[in-house]
Amino acid sequence: MRNNITLGRLAGVTIELNWSVLVIAFLITFSASGSLLPAAVPGLSGAAYLAGGLIAAAALLGSILLHELGHALVARRHGVEVERISLWAFGGVAQLEGEAATPRGEAEIAGVGPGISLLLGAGLYGIATVMTGLPAAIVGWAGFINVVLAVFNLIPGAPLDGGRLLHAWLWKRHGDKGRATQTAGKVGRYFGSALIALGLAQFVFGGLGGLWTVFIGWFLRNAATAEVQFASLNEDLGGVTARDIMTAAEPVEGDWLSVAAFIDRHAVQQIRPFYLVGETDGSVSGVVTVKALAAVPDDDRWTTSVRTVARPVDEYPAVRANEPASELLRKIGTAPFVVVWEGSTPIGTITQAQFVTAAETARILASLRNGQPEAA
Ligand SMILES: [Zn+2]
């Protein structure tokens, strides 16, 4: 379930690496050492090009990290917490825990990323001009890639930085955040479709790289759609928090019990697809699913403890109890449920089905509030 490797903490933000980054790092190293660098500076050894390719890949990751760190630090100055930055195939994501309260705040948070990339790009270009040979080629390439990063992120479609800038501008102009979200999302979808068409054309005329453009366009379209859905869900759910729709974990069942005793004592009385289990003091140690209980053969049920078939609780997506319920849409993904935490204690769970029901109900209630007839 874990696709991310934690690299460490920087300025109080956890830096994570998705495995897909390794694929990109490999591709960069491969293309830089195999063709880009030998073409720019001919006549060096294979080892020199390989080292150059590795440095280029590291420079790309470092550049993305600085871009995201910019978002994170400015967000924090505007009172929006950032727990982690994840680096993955399409760049980085600074995971903001909430949104800016004003258009100005949103514009500053979004604008600083491309700003840093542009400055880095210009600076590296400048440095490259006073260097020679392989170092000049690598530094020049790093400058170029930062400009690409800035330009790509400035595409004015949500959820890219350009989309956030557009959203902030529309929000300020019309004073209507919801309408700004709809418009920025629509523009994001148009740009996604345009990239798909461009990539297909590229592909038809013989460029395999066109497939990559198609993929990015498809990703952008989906993300823009999700952004709009998220915003309307957010509006429907209003002030509802995760705590309001969760199933409380109490009582936490003993993980030392045998599977047979556990089924007798608890599972028969409380029908749930899974249970939080824990120590005598009530602290949660893991999650056991009914399927995991059922997978223990009949003969072993009295000798197998629940602890051995439980999974660690932090393997499941987490939300904080006071987070808006709409955050679940971002966090639940394909997981069967999320765990609701109060500080460092898991206090409940929310299943996919529970969330869908809450969202559905909130939508109907919102339409009743607004006096629009609900289409059955
Ligand atoms: Zn950015």
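The following paragraphs describe the overall architecture, the zinc site and selected helices of a predicted model.

The protein comprises 376 residues, of which 43% count as buried, and its secondary structure consists of 13 helices and 12 strands. Along the principal axes, the C-alpha atoms fill a box of roughly 75 × 55 × 45 Å. Among the contacts with a sequence separation of 6 or more, 58% are made by residues 24 or more positions apart. The domain assignment of the protein gives domain 1, covering residues 4-154, and domain 2, covering residues 242-367; the centres of domain 1 and domain 2, taken over C-alpha atoms, are separated by 39 Å.

The zinc ion has as its protein donors the NE2 atoms of H67 and H71 together with two OD atoms of D161, at distances of 1.9 to 2.7 Å. In sequence, these donor residues follow the spacing H-x3-H-x89-D. Because H67 belongs to helix α2 (residues 46-77) and D161 to helix α5, the pair ties together parts of the chain that are 94 residues apart in sequence. The angles subtended by the 4 donor atoms around the zinc ion run from 53 to 152°, and the arrangement is therefore irregular. For comparison, the ideal angle at a metal with four tetrahedral donors is 109.5 degrees. Relative accessibility was also computed for two of the donor residues: H67, at 2%, counts as buried, and D161, at 9%, likewise counts as buried.

Helix α5, which spans residues 161-174, contains 14 residues and should extend over 20 Å at 1.5 Å a residue, a value with which the 20 Å between its end C-alpha atoms agrees. The zinc donor D161 is one of the buried residues of α5, which further include G162, G163, L166, H167, A168, L170 and W171. These buried residues of α5 pack against α2, α3 (103-129), α4 (133-153) and α6, so that α2, in which H67 lies, is a packing partner of the helix that holds D161. After α5 comes G175, whose phi is positive, near 65°.

Helix α6 is formed by the 28 residues 177-204, for which a span of 40 Å should be found at 1.5 Å a residue; the distance of 41 Å between its end C-alpha atoms agrees with this. At the start of α6, a side-chain oxygen of D176 approaches the backbone nitrogen of G178 to within 3.1 Å. The helix is followed by G206, a residue with a positive phi near 100°. The buried residues of α6 are A180, T181, A184, G185, G188, G192, L195 and G199, and they pack against α5 and α7, the latter comprising residues 210-237.

Within α6, the surroundings of T181 illustrate this packing in detail. T181 has a relative accessible area of 13% and is buried, and a polar atom of its side chain lies 2.9 Å from the backbone oxygen of K177. When neighbours within four places in sequence are left aside, T181 is in contact with H167, E227, V228 and A231; of these partners, H167 is itself among the buried residues of α5.

Further positions were examined in other parts of the chain. In helix α7, A223 counts as buried at 16% relative accessibility; A223 and G52 are 171 residues apart in sequence, and their C-alpha atoms lie 34 Å apart in space. I24, a residue of helix α1 (residues 20-40), also counts as buried at 16% relative accessibility. I24 and W88, although 64 residues apart in sequence, are separated by 8.5 Å from C-alpha to C-alpha.

A backbone feature was found in the loop between β1 (4-10) and β2 (13-18), where A11 is placed. Most residues other than glycine have a negative phi. In A11, by contrast, phi is positive, near 50°, in a residue other than glycine. With a relative accessible area of 46%, A11 is partly exposed.

Note on methods:
Residues numbered from 1 in each chain as written. Predicted model: local features only at pLDDT ≥ 70, side-chain atom pairs only at ≥ 80, totals over all residues. Heavy atoms only, no water. Helix = DSSP H or I, 4+ residues; strand = E, 2+ residues; numbered from the N terminus. Expected span 1.5 Å × (residues − 1). Buried < 20%, exposed > 50% of the residue type's maximum accessible area, 1.4 Å probe, protein only. Contact = heavy atoms within 4.5 Å. Polar contact = N/O pair within 3.5 Å; in protein donor to acceptor, adjacent residues only side chain to side chain. Domains from an automatic or database assignment. Donors = N, O, S within 2.8 Å, 3.2 Å for Na, K, Ca; no water. Tetrahedral: all angles 85-135°; square planar, octahedral: opposite > 155°, others 65-115°.
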